[in-house]
Number of protein chains: 2
Amino acid sequence: MKRADKRDYLIDVAMQMFNRGGFRGTGIDEIMAETGIAKTTLYRHFASKDELIIAALAKSDEATRDELRTFVERASNDPTERLLATFDQLDIWIRDGEFKGCPFVAAASEFCDVNHPIFQQVRMHKRLYLAYFEELVRAAGISDPKRFAAQILMLHEGAVAFAHVLGSDGTSFAKARGAESVASIARSAATHLIAAAMKTSSGEAEIVN
Amino acid sequence: MKRADKRDYLIDVAMQMFNRGGFRGTGIDEIMAETGIAKTTLYRHFASKDELIIAALAKSDEATRDELRTFVERASNDPTERLLATFDQLDIWIRDGEFKGCPFVAAASEFCDVNHPIFQQVRMHKRLYLAYFEELVRAAGISDPKRFAAQILMLHEGAVAFAHVLGSDGTSFAKARGAESVASIARSAATHLIAAAMKTSSGEAEIVN
DNA sequence: TTGAATATGTACTCGTCGGTATCGTTTTAC
DNA sequence: GTAAAACGATACCGACGAGTACATATTCAA
């Protein structure tokens with residue numbers, strides 16, 4: 001394995017383990033054991049555990065945003081449908097057996113000092129996510145796209161937290177109510193929000209609460 | 001200070017510190033230093049740190065649900081207004097300088113094994129929260145209250161995560177857009193959802209996505 | 001007042017975890 | 001083919017954190 005590949009492999013495995021066991025909860029030694037890469041080598045690639053975490057989050061940020069983007073572009077050409085498609089992708093993520101909530105939110109909880117570089121990394125990720133939503137909202141011709149994008153993001157984050165704690169599959173909620181997934185419930189909420197937003201932006205400016 | 005009071009004081013201070021510095025991030029020694037209570041005494045009250053955490057979460061669960069309940073009951077008699085009032089209380093919480101995201105969600109991230117008693121405690125808390133929302137939704141005469149309550153809870157959780165990472169005050173979002181708070185944006189979304197739900201439940205059963 | 005329960009303080013154990021040092025081996029680049 | 005860089009293994013360090021032991025002081029009930 002080439003040097004660069006080794007670095008990438010390290011990042012990938014580490015991210016997976018952080019997801020499963022938390023950031024503070026996953027030790028360097030465990031990452032060593034799992035990857036089969038020596039500690040010395042690890043520390044030649046990353047100056048510290050924190051830097052490994054940051055690198056892992058950075059790569060994950062890129063990857064998830066890319067995936068979302070391509071998923072949305074393939075889903076439809078209609079801007080409104082595209083906005084809704086983000087919930088379909090969310091659904092896939094949540095249903096996937098590895099789902100353990102949003103690792104970025106988890107990182108923000110574990111490294112809760114706002115000035116900590118890891119927290120900053122998380123903030124950057126969410127800003128970019130929000131910016132992408134804003135782009136989609138703008139394309140759909142909805143007024144006050146910043147605000148509406150925030151609402152959509154909230155629905156996403158909420159669905160993730162909900163599914164994480166209450167269980168996406170079976171445990172407590174989903175099973176009780178047919179087979180409707182958490183993400184699809186969020187999607188349905190988004191549908192109503194979009195309908196309402198379309199109505200107000202097509203007519204006169206209207207104040208709703 | 002009486003024994004029981006000491007226990008309570010311990011729990012309160014610990015919870016505050018967990019909020020600020022995370023659960024794993026806050027050491028027993030720091031709690032000692034902050035409370036002025038000796039380690040021996042602490043361990044006479046709680047068998048382990050985990051039990052202290054569980055006790056702290058349990059008390060916080062009671063307290064927050066009680067606060068919400070009384071806030072809502074004082075806010076209005078109209079069931080719909082009551083549902084919306086939950087967002088006003090959310091607003092107060094988020095704006096409060098101590099806000100660091102939801103400690104329950106943080107706990108679920110840090111103790112991410114689903115069978116861990118701390119995770120279970122978190123799950124229980126969210127179930128109770130959800131049940132209360134369901135109660136409010138039912139009172140408002142909205143159909144499929146379980147589902148709708150889930151949507152409201154998602155909006156809440158989403159607003160909390162959003163404000164935690166992106167900053168409720170100033171940092172990146174709120175300041176840019178006038179003085180509108182994250183919670184009030186979520187509230188506005190809830191308004192639209194309620195309006196849509198009222199419309200469909202007053203007429204014929206209607207399938208919306 | 002006296003005895004039992006409870007508190008304090010300090011010092012200690014013991015495991016873990018992040019990070020380093022050393023040294024011999026393998027790979028890569030030219 | 002050879003030098004330089006990268007890798008692996010193992011042992012190690014220092015810090016910290018959870019939890020205990022123990023000897024002393026304080027409260028409180030009978």
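# Two protein chains and two DNA strands

Around DNA strand C, helix H3(B) gives the most to the nearby surface, with four residues, where helices (H or I, at least four residues) and strands (E, at least two) are DSSP runs numbered from the N terminus. This is a predicted model, in which local features need pLDDT of at least 70 and side-chain atom pairs count only at pLDDT 80 or more, while totals for chains, interfaces and linings use all residues. Residues are numbered from 1 along each chain as its sequence is written, chains are lettered from A and ligands numbered from 1 in the order in which they are written, and side-chain values use heavy atoms, with hydrogens and water left out.

To stay with DNA strand C, 16 residues surround this strand, and the closest are Ile28(A), Lys39(A), Lys49(A), Thr40(B) and Thr41(B); a residue is near a molecule or strand if one of its heavy atoms lies within 4 Å of it. Of the atoms of DNA strand C that come within 4 Å of the protein, 58% belong to sugar and phosphate. Several polar contacts can be followed here, a polar contact being a pair of N or O atoms within 3.5 Å (within protein, one must be able to donate a hydrogen and the other to accept it, and residues adjacent in sequence count only if both atoms are side-chain atoms). A polar side-chain atom of Thr40(B) lies 2.7 Å from a base oxygen of DNA strand C, and an N or O atom in the side chain of Thr41(B) is 2.6 Å from a phosphate oxygen of that strand. In the side chain of Arg44(B), an N or O atom is 3.4 Å from a base nitrogen of DNA strand C. The elements that give two or more residues to this surface are helix H3 (39–45) of chain A together with helix H1 (3–21) and helix H3 (39–45) of chain B. By class, the surface near DNA strand C divides into four nonpolar, seven polar and five charged residues, where Ala, Val, Leu, Ile, Met, Phe, Trp, Tyr, Cys and Pro count as nonpolar, Asp, Glu, Lys and Arg as charged, and the others, Gly among them, as polar.

DNA strand D also has 16 residues around it, of which Thr40(A), Ile28(B), Lys39(B), Tyr43(B) and Lys49(B) come nearest. Sugar and phosphate make up 61% of the atoms of DNA strand D that come within 4 Å of the protein. A backbone N or O atom of Ile28(B) lies 2.8 Å from a phosphate oxygen of DNA strand D, while a phosphate oxygen of this strand is 3.4 Å from an N or O atom in the side chain of Lys6(A). On the surface near DNA strand D, the largest share, four residues, comes from H3(A), and by class this surface has four nonpolar, seven polar and five charged residues.

The two protein chains also meet each other: 53 residues of chain A are in contact with 54 residues of chain B, contact meaning heavy atoms within 4.5 Å. The size of an interface is often given as the accessible area lost when the parts come together. Chain A and chain B bury about 4700 Å² between them, 68% of it on carbon and sulfur atoms, where buried area is the accessible area (1.4 Å probe) that two parts lose on being put together, summed over both. In chain A, Arg147(A), Met154(A) and Val165(A) lose the most area to chain B, together 14% of what that side buries.

Across this interface the rule finds two salt bridges, a salt bridge being a side-chain nitrogen of Lys or Arg within 4 Å of a carboxyl oxygen of Asp or Glu. The side chains of Arg147(A) and Glu180(B) meet in a salt bridge, at 2.3 Å from N to O. The interface also has ten residue pairs in polar contact, with both residues at pLDDT 80 or more. The elements that give two or more residues to the side of chain A that touches chain B are helix H1 (3–21), helix H6 (103–110), helix H7 (117–139), helix H8 (145–166) and helix H9 (182–202) of chain A, and the largest share of that side, 15 residues, comes from H8(A). By class, the side of chain A that touches chain B has 23 nonpolar, 14 polar and 16 charged residues.

Chain A can be laid on chain B with an RMSD of 0.0 Å by a turn of 180° and a shift of 0.0 Å along the axis, the superposition being by least squares on the C-alpha atoms of residues with pLDDT of at least 70 in both copies. The two copies are therefore related as by a two-fold rotation axis. Gly158(A) is the residue of chain A that comes closest to the rotation axis, at 1.9 Å (C-alpha).
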